[in-house]
Amino acid sequence: MVLGDIEVLRVEEVRGAFGAPGAMFPGIDPVWQEHEEWLTPDFREPADGQVIAAVQAWVLRSGGRTIVVDPGVGNGRERPGTPHFTGLDTDFPDRLRRAGVRPEDVDIVVNTHIHGDHVGWNTREEDGAWVPMFPNADYLIPRPDHDHFGPGGAARTVRDNHRFLFADSIAPVVAAGRAVLWEDSHRIDAHLVLEPAPGHTPGSSVLRLSSGGDRAVFAGDLLHSPAQFLAPTCSSAMCVDPVTSAASRVRVLGRAADEGELVIPAHFPGPGAAEVRREGSAFAVTRWRM
């Protein structure tokens with residue numbers, strides 16, 4: 001897809017059924033049941049009604065630079081809280097290369113937030129150590145998330161994923177001097193700017209694109225399913241602050257509807273981007289893209 005002067009590519013890592021809708025989005029069941037036909041088969045598993053999602057990276061080519069947004073889970077990771085992300089062995093690096101993206105040619109990596117399925121391919125294993133996957137890139141990481149998930153942060157417990165993912169996917173980038181910790185907002189170039197959208201994590205952000213007559217917002221984990229267009233106050237069970245997450249989602253979707261921004265969430269399989277309009281207190285998809 002081309003938006004203004006920016007080329008947008010999608011590179012998928014894994015796709016599958018990730019759980020029951022009510023468990024993933026507390027309170028979503030009535031909307032899910034009412035719209036089963038619309039959600040099936042791209043976003044709802046026909047056999048058992050589970051949520052279908054994808055883990056994927058977005059690659060942008062803007063102003064002569066290559067930008068990778070949210071580089072997935074990574075191979076060989078230890079994730080005690082999410083067994084389906086533990087010990088993956090995918091050909092994601094080869095998929096990047098087939099898309100014309102060599103790791104050494106990437107200029108910027110964007111982590112919209114620090115969760116294991118958004119930071120994993122920040123690094124790769126080399127001689128028993130984790131090293132930056134994209135050796136020449138600056139890694140843009142929200143400072144609130146770095147502080148929250150890092151050593152001494154509020155999220156750190158011995159028995160969850162955070163200690164592992166920070167150690168294998170964030171700390172090596174910081175140690176290599178490749179991390180750029182930002183807050184408030186961060187402009188990448190004339191067309192791309194990162195803005196806070198907290199709630200899912202303290203530092204959750206969105207990436208806004210404006211080029212020519214085209215507008216888009218890479219929405220990260222503000223939405224995991226299009227059912228949340230219909231029930232925008234339903235936050236995911238993974239949100240650290242569901243109320244703030246809902247407020248961020250309503251605000252971002254409202255601007256997208258009012259200003260004609262294409263909404264590009266991190267995890268939509270099948271159609272990956274949506275044009276939306278307001279429909280009462282909710283939102284409706286007027287057109288799918290990609």
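Begin by selecting H113, A197, H200, S204, S205, V206, A219, D221 and L222, the residues that line the largest cavity. The model on display is a predicted one. With these residues shown, the enclosed space between them amounts to about 40 Å³. A search of the whole structure finds 1 cavity of 30 Å³ or more. Colouring the selection by class will show 4 nonpolar, 4 polar and 1 charged residues in this lining.

Next, select T82, F85, H115, D117 and M238. Of the 26 residues that line the largest pocket, these five lie nearest its centre. The space in this pocket is about 570 Å³. To view the secondary structure around the pocket, highlight β3 (52-62), α5 (116-119), α6 (143-149) and α7 (162-175), the elements that each give two or more residues to the lining. Among the contributors, β3 provides the largest share, with 3 residues. When the full lining of the largest pocket is coloured by class, 11 residues are nonpolar, 11 are polar and 4 are charged.

For the final stop, select N75, G76, R77, P93, R97, P103, E104, W121, R124, E125, W130 and M133, which line the second largest pocket. Two or more of the lining residues come from each of α4 (92-98) and β6 (123-126). About 160 Å³ of space lies in this second largest pocket. The class colouring here gives 5 nonpolar, 2 polar and 5 charged residues.

Note on methods: Residues are numbered from 1 along each chain as its sequence is written. This is a predicted model: local features need pLDDT of at least 70, side-chain atom pairs count only at pLDDT 80 or more; totals for chains, interfaces and linings use all residues. Side-chain values use heavy atoms; hydrogens and water are left out. On a 1 Å grid over the protein atoms alone, a cavity is a set of points where a 1.4 Å probe fits but cannot get out, and a pocket is an open set with protein on both sides within 12 Å along at least five of seven lines; lining residues have an atom within 4 Å of a point. Grid points are joined across faces, edges and corners, and a volume is the space filled by probe spheres set on the points. Ala, Val, Leu, Ile, Met, Phe, Trp, Tyr, Cys and Pro count as nonpolar, Asp, Glu, Lys and Arg as charged, and the others, Gly among them, as polar. Helices (H or I, at least four residues) and strands (E, at least two) are DSSP runs, numbered from the N terminus.
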